[in-house]
Amino acid sequence: MPEKEKSRVGLNDPRLVVRKFLARPQHEGLGAIVRRSIGRFELRYFDPFLVLDEFSVTAPAGFPDHPHRGFETVTYMLQGTVIHEDFDGHKGTIGPGDLQWMTAGRGIVHSEMPASQGTQKGLQLWINLSSKNKMIEPRYQEMSSKDIAEATNDGIKVRVIAGEALGTKSPIYTRTPTMFLDFTLESGARLQQPVPESWNAFVYVLEGEGVFGRSKSTPVTAHYLLLLGSGDGLEAWNKSSKLLRFILVGGEPLREPLVQFGPFVMNTQEEIDQTIDDFENYRNGFEKARHWRSESGLGLDF
């Protein structure tokens with residue numbers, strides 16, 4: 001396909017916006033501010049997505065020691081740096097444009113705290129795992145900003161966090177099949193991005209204003225989540241004079257029972273009860289939590 005045609009892939013059935021939410025600020029963790037769009041009372045779950053937070057953290061606020069089981073967390077930094085630590089000895093920093101794709105699996109206790117002055121901003125997405133993957137061993141996929149695949153064409157720039165866009169693929173492995181694309185459109189640019197027809201998909205606007213689904217739709221501004229209906233892809237336009245930046249995320253629905261208790265996500269209430277018991281008694285994946293406290297967090301109990 002010629003380079004100039006890569007963004008003009010052609011869609012037979014573009015997805016339309018079926019619901020729209022403004023993600024309003026709320027407090028989370030220890031003094032952190034998040035704009036939660038998925039995982040709030042209007043939208044508890046958008047299979048396979050459990051939570052989408054746009055977070056803003058200024059020291060000493062943060063997300064001190066806390067557990068997870070049964071899903072993955074994707075942290076994508078927009079500004080500043082956070083320190084990540086867990087009870088298995090993993091420690092590192094996530095800076096501007098960096099990515100951490102963490103599979104909690106059978107159990108992780110970790111902390112995420114500011115590592116620099118000023119305000120740290122980013123996105124965190126929680127992706128559910130299928131029943132066969134909920135109790136796998138934890139693992140990480142981490143990528144610095146300079147290593148994230150990028151492509152540009154016809155006034156469009158994309159950072160390919162997961163999946164494929166403009167002929168460029170990400171090396172990130174997604175147990176629950178997922179695409180995560182960070183698009184920037186210059187004034188006048190038009191995007192046509194395929195999305196598998198069987199997947200659920202959404203847009204979250206980070207900057208500027210854009211038109212999504214239909215060319216005559218009302219422009220949408222920052223901090224809005226747009227749920228997309230059925231179809232084979234997304235069509236978007238930047239009709240403003242400023243840059244438009246948004247993420248497009250899609251995933252294959254698991255279509256399994258869901259029971260969630262805070263940071264634990266399983267398929268049945270019995271599994272949740274067992275998870276709580278495992279965590280409280282340091283068993284079955286939580287053994288190392290008994291004596292571990294992070295250096296940057298406060299060692300809060302769940």
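Select Ala59 first and display its surroundings: once the neighbours within four places in sequence are set aside, the residues in contact with Ala59 are Pro114 and Gly118. The model on screen is a predicted one, and this first stop lies in the loop that runs between strand E4 (49-58) and strand E5 (63-68). Colouring by accessibility will show Ala59 as partly exposed, since its relative accessible area is 49%, and that class ends at 50%, above which a residue counts as exposed. To gain a sense of scale, add Val265 to the selection and draw the C-alpha to C-alpha distance from Ala59, which comes to 29 Å for a pair separated by 206 residues in sequence.

Turn next to the charged side chains. In general, side chains of opposite charge can pair when their charged atoms come close, and in this model the count of salt bridges is 14.

Select Lys288 together with Asp88, whose side chains meet in a salt bridge with an N to O distance of 2.2 Å. This pair links distant parts of the chain, 200 residues apart, with Lys288 in the segment after helix H1 (269-280) and Asp88 in the loop between strand E7 (82-86) and strand E8 (91-94). Lys288 itself is partly exposed, at 47% relative accessibility.

From there, move to Lys91 and Glu295, where another salt bridge joins the two side chains at 2.8 Å, N to O. Here too the partners come from distant parts of the chain, because Lys91 sits in strand E8 whereas Glu295 belongs to the segment after H1, 204 residues apart. As for their surroundings, Lys91 is partly exposed with a relative accessible area of 46%, while Glu295, at 67%, is exposed.

Now select Glu150 and Arg159. Is each of these residues buried, partly exposed or exposed? Glu150 has a relative accessible area of 40% and is therefore partly exposed, whereas Arg159, with a relative accessible area of 8%, is buried. The two form a salt bridge in which the closest N and O atoms are 2.8 Å apart.

For the last stop, select Glu28, Arg36 and Asp53 as one group, since salt bridges that share partners join these residues into one network.

Note on methods:
Residues numbered from 1 in each chain as written. Predicted model: local features only at pLDDT ≥ 70, side-chain atom pairs only at ≥ 80, totals over all residues. Heavy atoms only, no water. Helix = DSSP H or I, 4+ residues; strand = E, 2+ residues; numbered from the N terminus. Buried < 20%, exposed > 50% of the residue type's maximum accessible area, 1.4 Å probe, protein only. Contact = heavy atoms within 4.5 Å. Salt bridge = Lys/Arg side-chain N within 4 Å of Asp/Glu carboxyl O.
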